[in-house]
Amino acid sequence: MKGGILEVFLETAKGIRHTNLIGKPKYYVIIECGIQQHKSKSSKGEHHNVSWNEKFTFELSMSECQKLTHLRLRIMDTELFANNTGFVGEAKVYVEEILNEGNEKGFIELTPKPYNVVLDDESYKGQVKIGLKFISNTVINERGRGLADIERGSDDTVWMKLVNFCKMSLLRLPVLGRKLNPDEYKQI
């Protein structure tokens, strides 16, 4: 099935809301892309300058590329004395034009830039910085969601043939270091 790969690089956040009354906050981000979702690791740093530096990959079919309008990044805080998490804010990144241009050109990459974080009351508090890369016209062989093998054209198949040939040659390598019996000559 033809489609594309959207890579999201979650870099940093600045000036976001501090929800803990006591202790240092531990922020993480839930990134939603259509029906797919990824969760980042817990943050490093203070709430004024939070750092993740993580990359997430979303494999999209052609129909998903045509329907997808935005990514949703929900910033959450792990509460110190509770098992639940606190909502810090969210950012929506509109990707419709990026996907369209990436499909036309075959590849598009945007350097990380800040997006406003929206609070529950629709006000803004802080920014989250992300970068995007979209690679179109990749073949996605699905074996179940999340366990997809990706082939990027015929170069991979030639490469795999070369790797398999080398594996076969290495299997025969122990035979070369010793004297062969007449029966073993037939096997080589």
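On one side of helix α2, E97 and E104 are exposed. Keep in mind, as you look at them, that this is a predicted model. The helix itself covers residues 96-105, and within this stretch I98, L99 and G102 are buried. Seen down the axis of α2, these buried residues fall within an arc of 95 degrees, so they line one face of the helix. A general rule helps here: an α-helix has 3.6 residues a turn, so residues three or four places apart point the same way. Try turning the helix until you look along its axis, and find the buried face and then the exposed residues E97 and E104 on the other side. Just after α2 comes G106, which takes a positive phi of about 95 degrees.

Let us stay with the helix for one more residue. N103 is also found in α2, and at 22% relative accessibility it counts as partly exposed, because buried residues must be under 20%. What does N103 touch, leaving aside residues up to four places away in sequence? Its contacts are M62, C65, F134 and S136. There is also a link in space to I135: the C-alpha atoms of N103 and I135 are separated by 7.8 Å, although the two residues are 32 places apart along the chain.

One of those contacts of N103, C65, leads to the next topic, the cysteines. A disulfide is a covalent bond between the sulfur atoms of two cysteines. How many disulfides does a search of the whole structure find? The search finds zero. C33 is in no disulfide, and the nearest cysteine sulfur, that of C65, is 8.5 Å away. Seen from the other end, C65 is in no disulfide either, with the sulfur of C33 as its nearest cysteine sulfur. To be counted as a disulfide, the two sulfur atoms would have to lie within 2.5 Å. Both cysteines are shielded: C33 is buried with a relative accessible area of 2%, and C65 is buried with 3%.

Now for the charged residues. Side chains of opposite charge can pair when their charged atoms come close. A search of the whole structure finds seven salt bridges. In one of them, K133 pairs with E7, and their closest N and O atoms are 3.4 Å apart. K133 lies in strand β9 (residues 124-142) and E7 in strand β1 (residues 2-14), so the pair ties together parts that are 126 residues apart in sequence. Are the two partners buried or exposed? K133 is partly exposed, at 22% relative accessibility, while E7 is buried, at 11%. E7 has several neighbours around it: not counting residues up to four places away in sequence, E7 touches K55, F56, T57, G131, L132 and K133.

Another group of charged residues is worth finding on the structure. Which residues are linked with R72 in a network of salt bridges? The network joins E32, R72, R74 and E90. Start with E32 and R72, whose closest N and O atoms are 3.5 Å apart. This pair links distant parts of the chain, with E32 in strand β2 (residues 27-33) and R72 in strand β6 (residues 70-78), 40 residues apart. E32 counts as buried at 17% relative accessibility, whereas R72 is partly exposed at 28%.

R72 also meets E90 in a salt bridge, at 2.7 Å from N to O. Here too distant parts of the chain are linked: E90 lies in strand β7 (residues 85-94), and R72 in β6 is 18 residues apart from it. E90 is buried, with a relative accessible area of 18%.

The last stop is the aromatic rings. A pair of aromatic rings is described by the distance of the centres and the angle of the planes. In this model, the count comes to zero aromatic pairs. One ring does have a charged neighbour, though: K39 lies over the face of Y28, at 4.5 Å from the ring centre.

To retrace the tour, look again at α2 with its buried residues on one face, at the cysteines C33 and C65, at the salt bridge between K133 and E7, at the network of E32, R72, R74 and E90, and finally at K39 over the face of Y28.

How values were computed
Residues are numbered from 1 along each chain as its sequence is written. This is a predicted model: local features need pLDDT of at least 70, side-chain atom pairs count only at pLDDT 80 or more; totals for chains, interfaces and linings use all residues. Side-chain values use heavy atoms; hydrogens and water are left out. Buried means under 20% relative accessible area, exposed over 50%, partly exposed in between (1.4 Å probe, protein chains only). A salt bridge is a side-chain nitrogen of Lys or Arg within 4 Å of a carboxyl oxygen of Asp or Glu. Helices (H or I, at least four residues) and strands (E, at least two) are DSSP runs, numbered from the N terminus. The arc is that of the directions from the helix axis to the C-beta atoms. Contact means heavy atoms within 4.5 Å. Rings of Phe, Tyr and Trp (its six-membered ring) pair if their centres lie within 6.5 Å; planes under 30 degrees apart count as stacked, over 60 as edge-to-face and the rest as tilted. A charge sits over a ring if NZ of Lys or CZ of Arg is within 6 Å of the ring centre and within 35 degrees of the ring normal.
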